[in-house]
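Hi,

Here is the structure I promised to pass on. Have it open while you read, and I'll walk you through what I found.

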Amino acid sequence: MDRKARIGIIGVGQIGKQHLENWAKIPDVEVVAACDIDTPELDRVAERFKIPSKYYAFRDLLKRDDLDAVDVCLHNNMHAPAAIAVMESGKHCYCEKPMAGAYADAARMLEVSKATGKMLHIQLAFLYTTHTKFAKRLIDAGRLGHIYHARSTGYRRRNRPFVDGYGTEKFVNKAISGGGALYDMGVYHISQLLYLLGMPAPQRISGKVYQETPIDPARRASSGYCVEELGLGLVRFEGGLTMDIIEAWAMHMNPFEGSFIAGSEGGVRLDPLSFYSNIDDIAASTTFDDHSDWRFHQLDPSLCAYDSSQAHWAAALHGKVALLPTAQIALQTMLISEGIYLSSQLGREVGVEEVLAASKSTALTI
């Protein structure tokens, strides 16, 4: 492609505006069309970001034949129908996380991507952080030896959407959002580890979800709050690898240490990145200078294609790099999250086949 990639966006709410801020920083893309059912807000956003074309029905936007890709920024249970329509209209699709509101819907999205030959990219921002890139270098170099366990952690002391003062009630209504802490923030941490671990295949999952921290009664009543604020899990993968998970939206506790990966020859903790190993049989702890990332970029300018999810998408649209398998990673993240929900509901460990059989579409008609 020897021109700017032409992008349309569906949804200009809280997340949509974040995406537009990021698109404005990428020189080889241009957002030429936007859609939202909130007419006044769409008018304001289109004026602010100088978007020439506005639509109030997303299928009207998809009738255009001059768009290279469409960015889906709707609520979780609307991701699948919108993304599928995008790809079936002949356009590549960039979709906000989580992939969908249910594994069954996410799997259908990937099927349509393969059937249409259109790229599907999921916004998994933590894949592009400096500490993820440094950790991958260490793992690829064999510094950790045989990797046998990982821990995914995410912490908020009191920061649930709407009921704690920000965002809308749609974020905490399962019929629209599909889930709570695991879908909102857990998706970042779990997908980051799956990427670093090389996408191991889950076999069995156990977990428990909680909603225990007090909520303002009026906010609870008006929102219909029905999602988890704390999710816990243990995943057993093929080959004996395990991963435990704790993801908190609200918890009376000090911050957790960052996620980690443990191996026979070394271990790495993420954010801030630290490496633990033995040197001449002496226990050694190593920290890293982020300036190295700047030097890597000077030596290899193509690395800028991995600086953010949207920069990577723009580079893939222009054929500069192969698209990372974010849809496959996001789908496996959905499988683990849904496995935790099912395990919590049944009060026991569940097998992957059981999770797949139990997964039902939660997609909304749009």
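Let's start with one residue: is H19 buried or exposed? H19 is buried, because its relative accessible area is 3%, under the 20% cut-off. Before you go further, keep in mind that this is a predicted model.

H19 sits in helix α1, which covers residues 14–23. If you skip its neighbours within four places in sequence, H19 is in contact with I9, D71, C73, Y94, E96, Q123 and Q310. Several of the elements around there come up again below, so try colouring them as we go.

**The six-stranded sheet**

What is the strand order in the open sheet of six strands? Reading across, the order is β3-β2-β1-β4-β5-β6, and the pairing is parallel. β3 (53–55) and β6 are at the edges with a single partner strand each, so each has one side without a neighbour in the sheet. On average, and ignoring direction, neighbouring strands here are turned by 25° against each other.

Now for some of the pairs. β1 and β2 are joined in the parallel sense by six bridges, and A5 stands opposite V29 in β2. On to β4: β1 and β4 run parallel and are joined by four bridges, with I10 opposite V72 in β4. Four bridges also link β4 to β5, again in the parallel sense, and V70 has C93 in β5 as its bridge partner. To get from β4 to β5, the chain passes through helix α4 (residues 76–88), and this β-α-β crossover is right-handed.

β4 is a nice strand for looking at side chains. In a regular strand, side chains alternate between the two faces of the sheet. You can see this in β4, where A69 and D71 point one way and V70 and V72 point the other way. All four of these residues are buried.

**Helices around it**

How many of the nine residues of helix α11 (residues 309–317) are buried? The count is nine of the nine, so the helix is largely enclosed by the rest of the structure. Among them are Q310, H312 and W313. The buried residues of α11 pack against β1 (5–10), α1, β2 (29–35), β4 (69–72), β5 (92–95) and β6 (120–122). That ties in with H19 of α1, since Q310 is one of its contacts. After α11 comes G319, which has a positive phi near 75°.

α1 has another helix to pack with as well. Two packed helices are described by the angle between their axes and the distance between the axes. For α1 and helix α2 (residues 39–48), the angle is about 10° and the axes are 11 Å apart. The two helices are therefore roughly parallel to each other, as an angle under 35 degrees counts that way. K17, L20 and E21 of α1 make the contact with E41, V45 and R48 of α2.

**The nine-stranded sheet**

There is also an open sheet of nine strands, with mixed pairing and the order β14-β13-β12-β11-β7-β10-β9-β8-β15. Its edge strands, β14 (282–287) and β15 (350–351), each pair on one side only. Helix α8 (residues 181–197) packs on this sheet and touches β7 (147–154), β8 (202–210), β9 (230–237), β10 (242–248) and β11. The direction of α8 makes about 150° with that of β10.

For an antiparallel pair, look at β11 (residues 260–263) and β12 (residues 266–269), which are joined by three bridges. Here A262 has G267 in β12 as its bridge partner.

Then zoom in on D244, which is in strand β10. D244 counts as buried because its relative accessible area is 17%. D244 and L234 are ten residues apart along the chain, and their C-alpha atoms are separated by 4.3 Å. Apart from neighbours within four places in sequence, D244 is in contact with H149, A150, R151, S152, G233 and L234.

**Last, the cysteines**

How many disulfides does the structure hold? The number is zero. A disulfide is a covalent bond between the sulfur atoms of two cysteines. Two cysteines you can look up are C226, which is partly exposed at 37% relative accessibility, and C304, which is partly exposed with a relative accessible area of 44%.

Have fun exploring!

Definitions and conventions:
Residues are numbered from 1 along each chain as its sequence is written. This is a predicted model: local features need pLDDT of at least 70, side-chain atom pairs count only at pLDDT 80 or more; totals for chains, interfaces and linings use all residues. Side-chain values use heavy atoms; hydrogens and water are left out. Two strands pair if DSSP finds at least two bridges between them. Contact means heavy atoms within 4.5 Å. Axes are lines fitted to C-alpha atoms, for helices over the stretch in contact, and angles run from 0 to 180 degrees between N-to-C directions. Buried means under 20% relative accessible area, exposed over 50%, partly exposed in between (1.4 Å probe, protein chains only). A crossover is right-handed if, with the strands pointing away from the viewer, the path from the first strand over the helix to the second runs clockwise. A disulfide is a pair of cysteine sulfur atoms within 2.5 Å. Angles under 35 degrees count as roughly parallel, over 145 as roughly antiparallel, 65 to 115 as roughly perpendicular and the rest as oblique.
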